[in-house]
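Please go through the side-chain packing and the backbone of this structure with me, in the form of questions and answers.

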Amino acid sequence: MSSAAGPDPTEAPEERRFLSTAEAAALERELLEDYRFGRQQLVELCGHASAVAVTKAFPLPALSRKQRTVLVVCGPEQNGAVGLVCARHLRVFEYEPTIFYPMRSLDLLHRDLTTQCEKMDIPFLSYLPTEVQLINEAYGLVVDAVLGPGVEPGEVGGPCTRALATLKLLSIPLVSLDIPSGWDAETGSDADGLRPDVLVSLAAPKRCAGRFSGRHHFVAGRFVPDDVRRKFALRLPGYTGTDCVAAL
Amino acid sequence: MLGVRTLLGLGLLVAGSRLPRIKSQTIACRWGPTWWGPQRLNSGGRWDSEVMASTAVKYLSQEEAQAVDQELFNEYQFSVDQLMELAGLSCATAIAKAYPPTSMSRSPPTVLVICGPGNNGGDGLVCARHLKLFGYEPTIYYPKRPNKPLFTALVTQCQKMDIPFLGEMPSEPTMIDELYELVVDAIFGFSFKGDVREPFHSILSVLKGLTVPIASIDIPSGAGTQKVGQGWGRLGPYPPDSCPHQV
């Protein structure tokens, strides 16, 4: 059994189910630098897997027309990019996504992902109503791709912050990508955060996922090579068949 | 607390004027040569699964396939990396559906992935990586490697996942039949034109003598210039290309 690099010494190696923010960053660095994955590759894999998780939690045949409408709220950082990819795959999977992406990142990755969504006729809202009832009525579910681990709420600008405040009062299902926006990635303290029904952990669950109490928790980490998983001493349920997500 | 009627009124007002969410009935459909375009219906603004089930699959010519690619790159701003990842993942998924690990003799099942000098070879590298994650034991033969970051990165990803790269191609079909349960042909794709040069000419000759199944990515390599052998199943990420010699 290979020894792990940097796990919490108070946790037995076989029992680790979560990564700290620093470990998550180290895992990503290993994929990017040692394995030479491209950032775009990883974002595509995560976004695709997030969409697959939505199809598992909310299978299309069971949904009415209105319930297939999905509002995807994207922040300006990497989590937002994953949200853009997720929206595109939801479109391909025959859901009806709409995107709210108010603080557009200037980097090429975000711009290209935005173009792909626009070209597939996915509408981009110019503003999000602050009256949550309007969102509850217009959409069947919401995907929160606003903040990710290590992104401070203050960094993402007014419209995103206001959107999160509105989403806190949501009564339709909420799916958060990686960490519920507003939660502290380590402690899961969620004074200002959301209460998602579904959490899709990207690559591996973060510590705050220990405090998640919603309906479904998926990990989208099929693409993580075994050696990397072993190096971080993660023990997670296996994936079946060709599934890119596993339910925890 | 707002009354329902007021809410409805607000909703209509917002939907009509300030909220630019397009209702599905009025989505402007894009008609045209995009591969998913012709299948969309105006009324639904999305695919009608019944129509799709009853419509025969359209086969693309080489020119059409190239036009699809160009549209994806130029208009949709997809990158080669992105499309290659999706293509390779789709192929691995298709192979796993056609030849599930439980149906194979060895555990894990052994697969030989032969990668050509272009993008089809890149698809094969991605496919091999996902096959490994799906529980297969792939081995790659990749004799002609473009000196571009895209391809060197894909090779690194495979190497780091302990996927072996053969130094030379087994010279006899029986050698391959004995060692591998499946061969993935990722040699040439739809943009292939002209004569098959070495070492691929010899490789294709060996593959023609195989008894184990071959899964070809996009088109059976060499189709159009040579007769396609028995047992060549085809699979690909895009709608099938038309080949002069259909399997």
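Q: Are B:Phe188 and B:Phe192 buried or exposed?
A: This is a predicted model, in which local features need pLDDT of at least 70 and side-chain atom pairs count only at pLDDT 80 or more, while totals for chains, interfaces and linings use all residues. Residues are numbered from 1 along each chain as its sequence is written, chains are lettered from A and ligands numbered from 1 in the order in which they are written, and side-chain values use heavy atoms, with hydrogens and water left out. Buried means under 20% relative accessible area, exposed over 50% and partly exposed in between, with a 1.4 Å probe and protein chains only. By that scale, both B:Phe188 and B:Phe192 are buried.

Q: How many aromatic pairs does the structure hold over all chains, and how far apart, centre to centre, are A:Tyr35 and A:Phe37?
A: Rings of Phe, Tyr and Trp (its six-membered ring) pair if their centres lie within 6.5 Å, and planes under 30 degrees apart count as stacked, over 60 as edge-to-face and the rest as tilted. Over all chains there are 4 aromatic pairs. One of them is the stacked pair of A:Tyr35 and A:Phe37, with 20 degrees between the planes and a centre-to-centre distance of 6.4 Å.

Q: Which residue do ring pairs link into a cluster with B:Phe188 and B:Phe192?
A: A:Tyr35 and A:Phe37 are both buried. In chain B, the rings of B:Phe188 and B:Phe192 form a stacked pair, 4.2 Å centre to centre with 25 degrees between the planes. Ring pairs link B:Phe188 and B:Phe192 into a cluster with B:Phe200.

Q: Which lysine lies over the face of A:Tyr35?
A: A charge sits over a ring if NZ of Lys or CZ of Arg is within 6 Å of the ring centre and within 35 degrees of the ring normal. The charged end of A:Lys119 is placed in this way over the ring of B:Tyr76, 5.5 Å from its centre. Over the face of A:Tyr35, at 5.1 Å from the ring centre, lies B:Lys160.

Q: Which helix gives the largest share of the largest nonpolar core?
A: A nonpolar core is a set of buried Ala, Val, Leu, Ile, Met, Phe, Trp, Tyr and Cys residues joined through side-chain atoms within 4.5 Å. The largest one has 99 residues, and those with the most contacts inside it are A:Ile99, A:Val175 and B:Ile140. Its largest share is 10 residues, and these come from residues 39–57 of chain A, helix H2.

Q: How many residues are in the second, separate core?
A: Among the residues of this second core are A:Val73, A:Ile135, A:Val146 and A:Leu164. In soluble globular proteins, nonpolar side chains tend to be buried together. The number of residues in this separate core is 22.

Q: Why is H5(B) largely enclosed by the rest of the structure?
A: Helices (H or I, at least four residues) and strands (E, at least two) are DSSP runs, numbered from the N terminus. Just after H5(B), B:Gly135 takes a positive phi of about 100 degrees. The helix is largely enclosed because, of its 15 residues, the number buried is 13.

Q: Which are the edge strands of the open sheet in chain A?
A: Two strands pair if DSSP finds at least two bridges between them. The sheet has 7 strands in the order E2-E1-E3-E4-E5-E6-E7, with mixed pairing; within it, E1 (residues 69–74) and E2 of chain A pair in the parallel sense over 5 bridges. The strands that each pair on one side only are E2 (96–100) and E7 (246–247) of chain A.

Q: In E4(A), what is the bridge partner of A:Val142?
A: Strand E3 (residues 141–145) of chain A runs parallel to E4(A), and 3 bridges join them. From E4 (residues 174–177), A:Leu174 and A:Ser176 point one way and A:Val175 and A:Leu177 the other way, and all are buried. The bridge partner of A:Val142 is A:Leu174.

Q: Where is B:Pro108 found?
A: The peptide bond joining B:Ser107 and B:Pro108 is cis, with omega of about 0 degrees. B:Pro108 is found in chain B, in the loop between helix H4 (80–98) and strand E1 (110–115).
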